[in-house]
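Trainee: Got a minute to go through this one with me? I'd like to start with the terms.

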Amino acid sequence: MKKLVLETTSPFQGLAELVAYDEGLFAKEGIEIEWADRDETGIKTVDTSLTDVKGADPFGSHGTLLEQGKADMYNACEWGNYCRVQDTQVGSRQVGRRGIVSYAAIVVRPDSQVFTGQQLAGKTVGVPFYFGTHYLALHLLEGFMPREDIRLCRTSNGSRPRFDAMMRGEIEATTLTEPYVTLAEKKGCRTICEAFYHGTEVASDRVDAETYGAFNRAVREAVKRINADKAKYLGYFIDYHAKKDAEIAALTPQDLRASRIVVCDPAPIPLDEMQRTYEWLKSWGMLEQTATPLALVNLQIQQAAHTVAAE
């Protein structure tokens with residue numbers, strides 16, 4: 001049996017992998033999964049003075065263990081992974097998109113005077129730098145205002161501390177994922193804008209195409225099961241946080257919206273989307289050391305593995 005060490009993942013970004021693990025789908029493909037426990041919350045405080053991503057560490061959580069040789073793979077948002085593999089010290093590369101399309105939202109307090117995206121111009125929005133909701137906030141906000149009016153600052157990597165900081169008034173708005181969007185709404189908060197975004201898998205050179213293909217066959221089966229009965233799997237979003245968060249533990253699966261859970265077969269990153277993502281990141285002053293997005297993806301492993309997975 002082939003062993004793969006994965007960095008731990010939350011349901012909002014790794015539901016299909018968690019289901020594949022719990023239901024024995026990896027084992028059925030001859031893969032033994034071991035979870036390496038990364039510090040998912042990493043940064044735990046608000047720093048309103050840190051407004052430029054260049055002052056933050058791309059390996060503040062995702063990728064830390066792979067860089068240390070303690071994990072073979074991790075998944076995170078596609079934008080952040082472009083930046084991480086540019087800065088990798090161990091030759092890691094993206095090898096394809098993961099099985100879940102993550103949902104997130106920009107949220108404000110019940111007493112906030114912000115009701116539309118346009119009204120966030122010049123107001124502080126707390127985000128976790130190099131995480132999916134950081135980039136999503138940029139995408140969403142630049143549709144409502146000139147870039148110079150966007151005011152982001154670094155907050156905690158975990159949704160709970162970000163939510164608490166917003167409720168204390170330390171920041172005007174923040175980005176949340178599930179189940180914290182649901183919790184915020186139950187507390188009267190308003191969702192200003194929301195969207196879905198892709199993530200990718202990043203692998204070390206220890207992961208070959210055959211192994212990653214088998215990994216993806218297991219994930220594809222998990223995707224099929226989730227799509228057949230989303231309600232069955234909503235509890236993952238509560239159970240994952242329940243031991244550490246009493247308010248999340250008090251939620252029920254019926255509180256969550258199944259429409260916010262979107263999973264699809266893992267697949268190669270389309271070349272046209274890869275180029276657009278690269279150019280957009282460049283436009284924000286990132287990927288300055290990379291001449292082509294093709295340098296950030298192991299195209300050979302990606303193509304071979306997904307071909308194997310589809311057989």
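Mentor: Sure. Buried means under 20% relative accessible area, exposed means over 50%, and partly exposed is in between. Keep in mind that this is a predicted model.

Trainee: Try it on a cysteine. Is Cys-153 buried or exposed?

Mentor: Cys-153 has a relative accessible area of 1%, so it is buried.

Trainee: And Cys-264, what does that count as?

Mentor: Partly exposed, because its relative accessible area is 28%.

Trainee: How many disulfides does the count come to?

Mentor: The count is 0. The rule asks for two cysteine sulfur atoms within 2.5 Å.

Trainee: Why is there no bond for Cys-153?

Mentor: Because the closest cysteine sulfur, in Cys-193, is 16 Å from its own, too far for a bond. Cys-264 has a similar story: its closest cysteine sulfur sits in Cys-77, 16 Å from its own, and that is too far as well.

Trainee: Let's step back. What does the secondary structure of the chain come to?

Mentor: There are 13 helices and 11 strands. The radius of gyration is 19 Å, close to the 19 Å that the globule rule gives for 311 residues, so the chain is as compact as a globular protein of that length.

Trainee: What does the C-alpha trace span?

Mentor: About 55 × 45 × 30 Å along the principal axes.

Trainee: How much of the chain is buried?

Mentor: Buried residues account for 56% of the 311. The exposed area of the chain is about 12800 Å², with 49% of that supplied by carbon and sulfur atoms.

Trainee: And the contacts, how many join residues at least 24 apart?

Mentor: 81%, counting contacts between residues at least 6 apart in sequence.

Trainee: Pick a helix. How many residues of H4 are buried?

Mentor: 9 of its 10, so H4, residues 78-87, is mostly covered. Among the buried ones are Trp-79, Tyr-82, Cys-83 and Val-85. Charged residues are in that set too, including Glu-78 and Arg-84.

Trainee: What do they pack against?

Mentor: Strands E3 (73-77), E4 (93-97), E9 (190-197) and E10 (199-203). Helices H5 (132-141) and H12 (271-283) are on the list too.

Trainee: New topic, the backbone. Where is there a cis peptide bond?

Mentor: Between Glu-178 and Pro-179, with omega about 10°. Pro-179 belongs to the loop between strand E8 (173-177) and helix H7 (180-186).

Trainee: Which residue in the loop between E6 and H5 should I look at?

Mentor: Look at Tyr-130. Its phi is positive, about 75°, although it is not a glycine. Tyr-130 has 8% relative accessibility, so it counts as buried.

Trainee: What about Leu-287 and its phi?

Mentor: Also positive, about 60°, and again not a glycine. Leu-287 is in the loop between H12 and helix H13 (299-310). With 2% relative accessibility, it counts as buried.

Trainee: Last one, the surface. Which residues form a nonpolar patch?

Mentor: Leu-271, Leu-294 and Leu-299, with about 270 Å² of accessible area together.

Trainee: Where is Leu-271, and is it buried or exposed?

Mentor: Leu-271 is in helix H12. It counts as exposed because its relative accessibility is 56%. Recall that H12 is also one of the elements the buried residues of H4 pack against.

Key
Residues are numbered from 1 along each chain as its sequence is written. This is a predicted model: local features need pLDDT of at least 70, side-chain atom pairs count only at pLDDT 80 or more; totals for chains, interfaces and linings use all residues. Side-chain values use heavy atoms; hydrogens and water are left out. Buried means under 20% relative accessible area, exposed over 50%, partly exposed in between (1.4 Å probe, protein chains only). Helices (H or I, at least four residues) and strands (E, at least two) are DSSP runs, numbered from the N terminus. Contact means heavy atoms within 4.5 Å. Patches are made of residues with over 30% relative accessible area and no salt bridge: like charges are joined within 9 Å, nonpolar side chains (Val, Leu, Ile, Met, Phe, Trp, Tyr) within 5 Å. Accessible areas come from the Shrake-Rupley method with a 1.4 Å probe; for residues, only the protein chains shown count as cover. A salt bridge is a side-chain nitrogen of Lys or Arg within 4 Å of a carboxyl oxygen of Asp or Glu. The radius of gyration is taken over C-alpha atoms; the globule rule is 2.2 Å times the number of residues to the power 0.38.
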